[in-house]
Amino acid sequence: MRFSDSVRSIPHVGKKYQKKLKKLQIKTVKDLLYHFPHRYEDFSDVVKTNEIKGEGEFCTKGKIAKLSTIRTKKKKMYLTEARIEDEEGEIRAIWFNQPYIEKNLDEGDHIFLAGKTSFRGRKLYFSNPSYEKVSPNPTHTGRLVPVYPETEGISSKWLRHIVQRALQKIQVEEFLPQEIIDDNNLLPLSKALNQIHFPDSKPELNKAQERFSFEELFKLSLIVLSRKMSLLRKKSVSIPIKEEKIKSFVQSLPFELTQDQKKAAWRVLKDLNSERPMNRLLEGDVGSGKTVVAVIAALNVSFSNLQSAFMAPTEILAQQHFQEVSKLLKDYDIKIGLLTGKDEKLFHKKEKEIKRSKFLKKLKEGEIDIVIGTHTLIADKVEFNEVGFVILDEQHRFGVEQRAKLCKQENYVPHLLSMTATPIPRSLALTIYGDLDLTIIKEMPKGRKKIITKLVNPKERKETYNFIRNEAKKGHQTFVICPRIEAGEDDEDKKGDWNNVKTVKEEYNKLDNEIFPDLKVGIIHGQRKTKKKEKTMNKFKKGDLDILVSTSMIEVGIDVPNATIMVVEGAERFGLSQLHQFRGRVGRSEHQSYCFLLPTSKNVKGKERLKALVESEDGFELAERDLELRGPGDLTGFKQWGAPDLKMASLKDQEQVQKARESAKELIQKDPDLNSYPDLKEEIEKYDKKIHLE
Ligand code: ADP
Ligand code: MG
């Protein structure tokens, strides 16, 4: 059996189970073996029956002296009871509603029992324990027992069976080079797989976890480094810095740049000045003023008669950027274009609509200096004259090949500046975006009022609504964010207290009809058509709506200066950095703004977490807290940024992050295309694809 074989090749896995496994993203034998336990029950200490003295978790072994099943009269329940003896004494076990146990076990069998003990009357019982016949190598008892992430119809017990079968038959194909294994003192793959599922001891388990954590970080580092290498083989045009002209532009701005903005702009101008392609990530909280930094750079590029392309994730944001850039550059002889799925506009002294065909012709002939748009910009029909500079706002990665297409000369790529309001913790930035140079804008423009953040008790809901009404009277607007679209949306989520979580549709109806019949309320969510969403969003932007009820989908960076209140229902459902981003959608004017967090559950831990938001307005600090508390998968924008779902790697373990990076660096310097390591190369290619698809 090989890694790439379908799970169907494992005995006892038929069509039915294949389908269920798919829900856990398990399709191949390798997927199964990389479905790691998320915890272990420690039943490695097998005690004598007389050592079990009180309530607790134990594992023991003995002979079944008596086994019987009765049906209770009152509740019509099956009760299966066993008495187990060893040399030292006896203990009883009781199972509820599992009459089939009598078929699996017989009196006289020697078995392990593992689980919780509790008193029924004065007697101590194992209640619903795991059991299995005694063998030198038990699966469910008498050891560290793996517990897996489960799904309906796929239990940990079943997974243990299947994984064990697979482990017996698999021909493990190691893909890490031997020297990497040796240098880093790692377990070989075959042993690591055995130990992560069925560890002999805790130290062995640690070694196995270490191997898989290293493996992930190493693969990631290789991908990042090879991206960097392939970029280094390309060239960019060196764009001279027109210092005087830039200074006079900066002086003409209606505000003074912050120190951080000045530093960032200078850094970018220097990058543009080099032949080495710029690959810079500009991070700064919402409202920190990244756009003007990009505009300074684009202006400088236009002095060399090269074009700049500015890509935004949505049409609304593209329009917003177009307005802002046009305003900033209105005194210059520079042509600015907007190109989205539906718009084509030009700005030169004043705004005007223009036919698409004409727009594209002008673009191709280099008559448009700065073009702003959505993904449409990289559609096949769109041709540029010569792009020197690409700006990405809150975007996915942009491959080297995509970049090269925008340049006419062979082997040339445009400079690239990527901007994000997602605060990415340092360790993460190093690992996942290690191919990007990083500039951070920490300082906020002067005169911004602090947003007042408050954790609202259920009792204070009415007051909150009154507050919203008062603000509306002043002409101010409110966002209300709910975690779900409608009730019963997702079976998985119905578990737990999801039933109490506010839904967008219910909340909209309630606010519109009952609470605020006198105000104008709008709704947007992912199930609505894009056109409808944009229409509603635009109405809100123009001030035609007082309240907008939405899922978490409203865009980062959307600018509605009149919005002063952000209400988040079911706030504990969101990550801290996501909440921080919601908060960033208000406070964009001189008016005092507010963020009200309304948790649903009584979950104390969740509330504790929310307090961090009340206390801190530092996006980086909050992102670090998120990383610690919830892991990287829950960081906002993390997935969108092309980051993989890390299973094992702890990004907090700086030492290991460092080791993996060093090893990857050495290897790739020795063999840039990994041609001497075909297995590794294949593994990396697959991993890279997976990251891109996630
Ligand atoms: P973001 O970093 O979120 O993209 P923007 O670039 O949209 O932020 O800037 C937010 C607002 O702040 C814009 O209206 C912009 O004109 C304004 N702004 C930018 N820099 C400054 C500054 N140094 N002082 C005052 N206002 C500024
Ligand atoms: Mg922005």
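Me: Before we look at the largest cavity, what makes a run of residues a helix here?

Reply: A helix is a DSSP run of H or I with at least four residues, numbered from the N terminus. In this predicted model, helix 7 covers residues 202-232 and gives the lining of the largest cavity its largest share, three residues.

Me: Which residues line the largest cavity, and what makes them lining residues?

Reply: They are Lys228, Leu231, Leu232, Arg276, Pro277, Asn279 and Asp435. A lining residue has an atom within 4 Å of a cavity point, so each of these counts. By class, the lining divides into three nonpolar, one polar and three charged residues.

Me: Why is this space called a cavity, and how much space lies in it?

Reply: It is called a cavity because a 1.4 Å probe fits there but cannot get out. About 60 Å³ of space lies in the largest one, and the structure holds five cavities of 30 Å³ or more.

Me: Turning to ligand 1, what makes the approach of glycine 287 a polar contact?

Reply: A backbone N or O atom of glycine 287 lies 2.6 Å from an oxygen atom of ligand 1. The cut-off is 3.5 Å between N or O atoms, so this pair is a polar contact. Glutamine 261 also qualifies: an N or O atom of its side chain is 2.9 Å from a nitrogen atom of the ligand, so that pair falls within the cut-off. The protein covers 81% of the 570 Å² of accessible area that ligand 1 has on its own.

Me: Which residues around ligand 1 come nearest?

Reply: Of the 16 around it, Glu256, Gly287, Lys290, Thr291 and Arg448 do. The shell has four nonpolar, six polar and six charged residues.

Methods:
Residues numbered from 1 in each chain as written. Chains lettered and ligands numbered in written order. Predicted model: local features only at pLDDT ≥ 70, side-chain atom pairs only at ≥ 80, totals over all residues. Heavy atoms only, no water. Near = heavy atom within 4 Å. Polar contact = N/O pair within 3.5 Å; in protein donor to acceptor, adjacent residues only side chain to side chain. Areas by Shrake-Rupley, 256 points an atom, 1.4 Å probe, with all protein chains shown as cover. Nonpolar A, V, L, I, M, F, W, Y, C, P; charged D, E, K, R; others polar. 1 Å grid on protein atoms, 1.4 Å probe; cavity = no way out; pocket = protein on both sides within 12 Å on 5 of 7 lines; lining within 4 Å. Points joined across faces, edges and corners; volume = space filled by probe spheres on them. Helix = DSSP H or I, 4+ residues; strand = E, 2+ residues; numbered from the N terminus.
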